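Here is a short tour of a protein model for readers who like to think at the level of side chains. Keep the viewer open and follow along.

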Amino acid sequence: MEFNNFNKKTNEYKELKEKPHWQAPATKGSIKAKEPQPANHTTLRDDDNRGRVAIFIDGLNLFQAALQLGIEIDYVKLLCRLTKTSRLLRAFFYTGMDSGNEKQQGFLLWMRRNGYRVVTKDMSVVVDNYKKPNLNVEIAVDMITLAPYYDTAILVSGDGDLSYAVSAVSGMGARVEVIGLQTTANDIEAQRRNHLIDVADEFVDFDSIKQHIQKDSYIGYSYRNSSNYQL
């Protein structure tokens, strides 16, 4: 990642002090850095204590989890479930992008129109004959850069490589909730995933919430072909 691009991204987040986030009604005030929370919290599951939340979704990891559970994700339900009654600052969705896949382009357009900030990376890099873009750097940078503006980070991923970013955000005073698949395996990947769970303030197993986030069989998304979309 070039330093110039990093500086531009940092400046973009500084503008949050002057712009209200997408969900809030128009106000005269500006978004300020989070204020210290009182020490006498009740429980971590109390939405009142979550403050402002920022959601970071590893798209590939979410797809693999849904595949293992045998469900199809309803992204409106997912956003509502993760946000609950808290105030949403940003909801990021990170995924590899195939510019020649019109169905994917339609899906990403739908995501942008329905509350998600989509971050993509070209799927041109092939690893072991498989296109697998890694957006861990983007996720980590966004989590750390935005930390002064949210109280709770919700990370939807089981990638243990994000453990350091979770620890860094926790050290800055934010809570971190991790949503992923629990595993009983004992391989290296499972150990790294368990380390991610250990450094989080709260872990939620996908299997326990799948009935709240899966798409109803009779409901489909209405995707628009980006080439036919008119502003």
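## Charged pairs and packed cores

Glu 72 and Lys 215 join their side chains in a salt bridge, with 2.8 Å from N to O. Please keep in mind that this is a predicted model. The two partners come from distant parts of the chain: Glu 72 sits in the loop between H2 and H3, Lys 215 in the segment after H8, and their positions lie 143 residues apart. Are the two partners buried or exposed? Glu 72 has a relative accessible area of 49%, so this residue falls just within the partly exposed class, whose upper limit is 50%. Lys 215, at 15%, is buried because its value is under 20%.

The segment after H8 takes part in another such link. Asp 216 forms a salt bridge with Lys 77, at 3.2 Å from N to O. Lys 77 belongs to helix H3, so this pair ties together parts that are 139 residues apart in sequence. Asp 216 is partly exposed at 26% relative accessibility, and Lys 77 is partly exposed at 26% as well.

A third pair stays inside one helix. The side chains of Asp 207 and Lys 210 meet in a salt bridge of 3.3 Å, N to O. Both residues are in helix H8, three residues apart, and are therefore separated by about one helical turn. An α-helix has 3.6 residues a turn, so residues three or four places apart point the same way. Asp 207 is partly exposed, with a relative accessible area of 38%, and Lys 210 is partly exposed at 28%.

Beyond these pairs, Arg 50, Arg 175, Glu 177 and Glu 202 are joined into one network by salt bridges that share partners. In total, the count comes to seven salt bridges. Here are the three pairs described above, side by side.

| Salt bridge | N to O distance |
|---|---|
| Glu 72 and Lys 215 | 2.8 Å |
| Asp 216 and Lys 77 | 3.2 Å |
| Asp 207 and Lys 210 | 3.3 Å |

Now for the nonpolar side of the story. How many residues does the largest nonpolar core have? The largest nonpolar core has 30 residues, and Ile 57, Leu 62, Tyr 75, Leu 78, Phe 93, Tyr 116 and Phe 206 are those with the most contacts inside it. At least two residues of this core come from each of several elements, including strand S1 (52-58), helix H3 (75-83), strand S2 (87-97) and helix H8 (206-213). Ile 57 makes a good starting point in the viewer: leaving aside residues up to four places away in sequence, Ile 57 touches Leu 62, Leu 78, Leu 82, Phe 92, Phe 93, Tyr 94, Tyr 116 and Val 156. There is also a second, separate core of 23 residues, which includes Met 143, Val 166, Val 169 and Val 178.

Helix H5 (residues 136-146) is mostly covered, with nine of its 11 residues buried. Among the buried residues of H5 are Ile 139, Ala 140, Val 141 and Met 143, along with Asn 136, Glu 138 and Asp 142. The axes of H5 and helix H6 (residues 163-171) come within 9 Å and cross at roughly 0°, and the two helices are therefore roughly parallel to each other. H5 contributes Ala 140, Met 143 and Ile 144 to the contact, while H6 contributes Ala 165, Val 166, Ala 168 and Val 169. Sorted by type, the residues of this contact are seven nonpolar, no polar and no charged.

Methods:
Residues are numbered from 1 along each chain as its sequence is written. This is a predicted model: local features need pLDDT of at least 70, side-chain atom pairs count only at pLDDT 80 or more; totals for chains, interfaces and linings use all residues. Side-chain values use heavy atoms; hydrogens and water are left out. A nonpolar core is a set of buried Ala, Val, Leu, Ile, Met, Phe, Trp, Tyr and Cys residues joined through side-chain atoms within 4.5 Å. Buried means under 20% relative accessible area, exposed over 50%, partly exposed in between (1.4 Å probe, protein chains only). Helices (H or I, at least four residues) and strands (E, at least two) are DSSP runs, numbered from the N terminus. Contact means heavy atoms within 4.5 Å. Axes are lines fitted to C-alpha atoms, for helices over the stretch in contact, and angles run from 0 to 180 degrees between N-to-C directions. Angles under 35 degrees count as roughly parallel, over 145 as roughly antiparallel, 65 to 115 as roughly perpendicular and the rest as oblique. Ala, Val, Leu, Ile, Met, Phe, Trp, Tyr, Cys and Pro count as nonpolar, Asp, Glu, Lys and Arg as charged, and the others, Gly among them, as polar. A salt bridge is a side-chain nitrogen of Lys or Arg within 4 Å of a carboxyl oxygen of Asp or Glu.
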